[in-house]
Amino acid sequence: MPELPEVEVLRRSLEPHLVGDRVEGVVVRHRGLREPVDTRALRRAATGRRVLALRRRGKYLLVDLEAAWTLVVHLGMSGRLTLAPGAAPPEPHEHVAFPLASGRRLRFRDPRRFGLVLALPTAALDRDPHFAHLGVEPLADGFSGETLRRAAAGRRGPVKSFLMDARVVVGAGNIYASEALFRAGVHPERSVARLSPARWQRLAESLVAVLAQAIAEGGTTLNDFADGEGNAGEFQISLGVYGREGEECPRCGRPVRRRVQAGRSTFYCPACQR
DNA sequence: CGTAGACCCTGCGCGC
DNA sequence: TGCGCGCAGGGTCTAC
């Protein structure tokens, strides 16, 4: 479900409802996520704390709490984080829930259990192994083609894998990597060693533009993405190539192709992307 | 060192 | 209708 735009849409939708509320407890129904849920650590960090702010780093949602604790939530492929009335019965796959002083419940649901919920000291986030290796934020000031070009120096391999490498730049997953490459006219299998500075710049600008537009349109809802209030996104209407194998390229009209790269589907137009 | 592939897990849509 | 297969928005570990 979630790449950078979806997590950012979620953050914005939850923020006004969550900030100022207080976590009253932690309910863990299934601790077998990407990493085992540490119930005691979550309770110690969160119980009785007010929510101070919601932030995002890459595809991680960060819930800053009093006493310098931060809840870290990653949605994996199928995770959802929503606010529910406190009396609502647990949904299927509602693995972790946080009852709130307002009477509501923040619930984490994740059928595939590739997601993550943990607590860390706020000041230690950058040093934590989950974050220490992460690359630049594409929507931060200063991100440019030069950022990408420098990171690619001495590297090999296809540019699509490079764009999805969180050690380089965070936030682009399978959808937005394909879309940024399409907008930039860059073939997904082109080697990073063979891209001119001008084309790196086009690629960086395309990535920023596609992420920003996706956020503005509420994210991409292919199957089940919804923000914290349950609203679906609309960016899927604006997708140029992703999931459109065989359909007409919106630019040249020739059929969009799909091929598997590093185990993931890549969609592209062989005529427009070189 | 960097890259490719397997793997974690459940659910859905498709073709037979 | 039922069943098996392939596929799915992520990340990490291992083998080369």
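How many residues lie between E3 and E4 in their hairpin, and which residue in the turn has a positive phi? There are three residues between the two strands, and Ala67 has a positive phi of about 65°.

This is a predicted model, in which local features need pLDDT of at least 70 and side-chain atom pairs count only at pLDDT 80 or more, while totals for chains, interfaces and linings use all residues. Residues are numbered from 1 along each chain as its sequence is written, chains are lettered from A and ligands numbered from 1 in the order in which they are written, and side-chain values use heavy atoms, with hydrogens and water left out.

**View 1. Strand E3 and its antiparallel partners, E2 and E4**. Strands (E, at least two residues) and helices (H or I, at least four) are DSSP runs numbered from the N terminus, and two strands pair if DSSP finds at least two bridges between them. Strand E2 (residues 51–57) is joined to E3 by six bridges, with Arg55 opposite Leu62 in E3. The hairpin of E2 and E3 has two residues between the strands, and Gly58 there takes a positive phi near 60°. Six bridges also join E3 to strand E4 (residues 69–74), where Trp69 stands opposite Leu65.

**View 2. The side chains of strand E3**. Six of the six residues of E3 (residues 60–65) are buried (under 20% relative accessible area with a 1.4 Å probe, protein chains only), so the strand is largely enclosed by the rest of the structure. Tyr60, Leu62 and Asp64 point one way, and Leu61, Val63 and Leu65 the other way.

**View 3. An open sheet of four strands with helix H1 packed on it**. The strand order is E1-E6-E7-E5, with antiparallel pairing. At the edges are strand E1 (27–28) and strand E5 (80–85), each pairing on one side only. Six bridges join E5 to strand E7 (residues 104–109), and Thr82 stands opposite Arg107 in E7. Helix H1 (residues 4–18) touches E5 and E7, contact meaning heavy atoms within 4.5 Å. The direction of H1 makes about 30° with that of E5; axes are lines fitted to C-alpha atoms, for helices over the stretch in contact, and angles run from 0 to 180 degrees between N-to-C directions.

**View 4. The second largest pocket**. A pocket is an open set of points on a 1 Å grid over the protein atoms alone, where a 1.4 Å probe fits, with protein on both sides within 12 Å along at least five of seven lines. Its volume, the space filled by probe spheres set on the points, is about 170 Å³. The pocket is lined by 14 residues, each with an atom within 4 Å of a point. Closest to the centre are Lys59, Tyr60, His74, Leu134 and Ala166.

Methods:
Buried means under 20% relative accessible area, exposed over 50%, partly exposed in between (1.4 Å probe, protein chains only).
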